[in-house]
Amino acid sequence: MSRRPNLAVVGATGAVGGVLLGILSARADIWGEIRLIASPRSAGRRLTVRGEEVEVVALREEAFDGIDIALFDVPDEVSAQWAPIAAAKSVVVVDNSGAFRMDEDVPLVVPEVNAAAARLRPRGIIAGPNCTTLSMIAVVGALHAEYGLTELVVASYQAASGAGQAGIDSLREQVKLVAGGEVGEQTGDLRAVIADNGPFPAPLALNAVPWAGSLGEGGWSSEELKVRNESRKILGLPSLKVSATCVRIPVIRTHSLAVHAVFEREVTQLHAQEILREAPGVVLYDDPAAGEFPTPNDAVGTDPTWVGRIRRSLDDPTALDLFLCGDNLRKGAALNTAQVAEVVAAELAYE
């Protein structure tokens, strides 16, 4: 007699963890026990999942006893320490951190693009990509399958929540300060009103900050390098040309990207729209004459990536330009993790 697999959520009390619990409650219920795990200081809290209150247990080795699949939504260093411990207990780990994304023995999986990659996991760990990559990869992957992608030039416009709860709290406080202060047309006025930038290198309220992540080689930010390296791995294109510029903008949730994509074959606007209209995990919202194109406000709280402003390049018949938006806390983090877990659950035989 078959049984339902038991699932653990590691980091259940965090911002993404909370979204994940809501997703697990709303999607098809294929799970046996759902065990909630967090740091010792959060142990004992009670959270609601599938309409029932569940007590959070502390992260320790014994917490993985009897678990089949564990979803990790924790900082890199926590995943680096605890994911191998869980995997050593024959738990399949689906990790949302950056700890294992570029490990050759860890598949980087987005089910709409490369679900089959989840089957080959020699370390017992499957990684999910960064939220910026996730916001665009279903769109780019669908077009690549038809036309053959050769190059990406991307500008991202990323929400404050990409910097965690500290980013959300900081933006809200900055907005309050700006609303109550005298802010003129000069950037210097913002700095005078906002003394604490929080996790951002400059004031974010009423501003755009062309930086996300840490400093890498050649002046590239870690966030920009993730877009390049993760896109190559997911699409199986190790030589793909990728150039990204990541910008923080003053919205709470949903990352947006302007994408210039170059392909092996000639493209047309209408055919690209047809492809994306049928692509899984994508909503086509593309009628500028009627004022229809995606904005962060449209996508927030929804599962798909919204895409519009699809145009063939004026100078290159093999290139497309488009604009897309994806909720970074849903598909950009929690939803992809849940979808990967469902892929694994369907693969494994529970007898």
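This passage walks through a predicted model, from its sheet and helices to its cores and a few single residues.

Let's start with the sheet. Six strands make up an open sheet, and reading across it gives the order S10-S9-S11-S14-S13-S12, with mixed pairing. In general, the strands of a sheet pair through backbone hydrogen bonds, and they can do so in a parallel or an antiparallel way. The edges of this sheet are taken by strand S10 (241-248) and strand S12 (282-284). Each of these two has a single partner strand, so one side of each has no neighbour in the sheet. From one strand to the next, the twist averages 20 degrees. At the S12 edge, S12 runs parallel to strand S13 (residues 305-312), and 3 bridges join the pair. Leu 284, for instance, has Val 307 in S13 as its bridge partner.

Helices pack on this sheet too. H4 lies across strand S9 (149-158), strand S11 (255-263), S12, S13 and strand S14 (319-326), and it runs at about 25 degrees to S11. Helix H7 (residues 222-235) also packs on the sheet, where it touches S9 and S10. The direction of H7 makes about 135 degrees with that of S10.

What about the inside? The largest nonpolar core has 57 residues, and Phe 64, Phe 72, Leu 143 and Leu 152 are the ones with the most contacts inside it. Helix H4 (residues 131-147), already met lying across the sheet, gives the most to this core, with 9 residues. Phe 64 shows what such a residue can touch: leaving aside neighbours within four places in sequence, its contacts include Val 10, Ile 37, Leu 59, Phe 72 and Trp 82. The contacts of Phe 64 are not just with nonpolar side chains, as Arg 35 and Lys 89 are also among them. Apart from the largest core lies another one, of 33 residues, among them Leu 7, Leu 36, Leu 71 and Ala 334.

Helix H5 (residues 165-180) makes a handy worked example. At 1.5 Å a residue, its 16 residues should span 22 Å, and the end C-alpha atoms sit 23 Å apart, which agrees. The buried residues of H5 are Gly 167, Ile 168, Ser 170, Leu 171, Gln 174 and Val 178. They cover an arc of only 165 degrees around the axis, which means they are on the same side of H5. Turned away from that buried side is a face that carries the exposed residues Lys 176, Ala 179 and Gly 180.

Another glutamine worth a look is Gln 273, placed in helix H8 (residues 269-278). Its relative accessibility is 10%, and buried means under 20%, so Gln 273 counts as buried. Leaving aside neighbours within four places in sequence, Gln 273 is in contact with Leu 284, Asp 286 and Ile 310. Leu 284 is the residue seen above with Val 307 as its bridge partner.

Finally, two loop residues have a positive phi without being glycine. Phi of Ser 90 is near 65 degrees, and Ser 90 is found in the loop between helix H2 (76-88) and strand S7 (92-95). Phi of Leu 206 is near 55 degrees, and Leu 206 lies in the loop between helix H6 (187-193) and H7. Are these residues buried or exposed? Exposed means over 50% relative accessibility, so Ser 90, at 65%, counts as exposed. Leu 206 counts as exposed as well, because its relative accessibility is 62%.

Conventions:
Residues numbered from 1 in each chain as written. Predicted model: local features only at pLDDT ≥ 70, side-chain atom pairs only at ≥ 80, totals over all residues. Heavy atoms only, no water. Helix = DSSP H or I, 4+ residues; strand = E, 2+ residues; numbered from the N terminus. Buried < 20%, exposed > 50% of the residue type's maximum accessible area, 1.4 Å probe, protein only. Contact = heavy atoms within 4.5 Å. Core = buried A, V, L, I, M, F, W, Y, C linked by side-chain atoms within 4.5 Å. Expected span 1.5 Å × (residues − 1). Arc of directions from axis to C-beta. Pairing = 2+ DSSP bridges. Axes fitted to C-alpha atoms, helices over the stretch in contact; angles between N-to-C directions.
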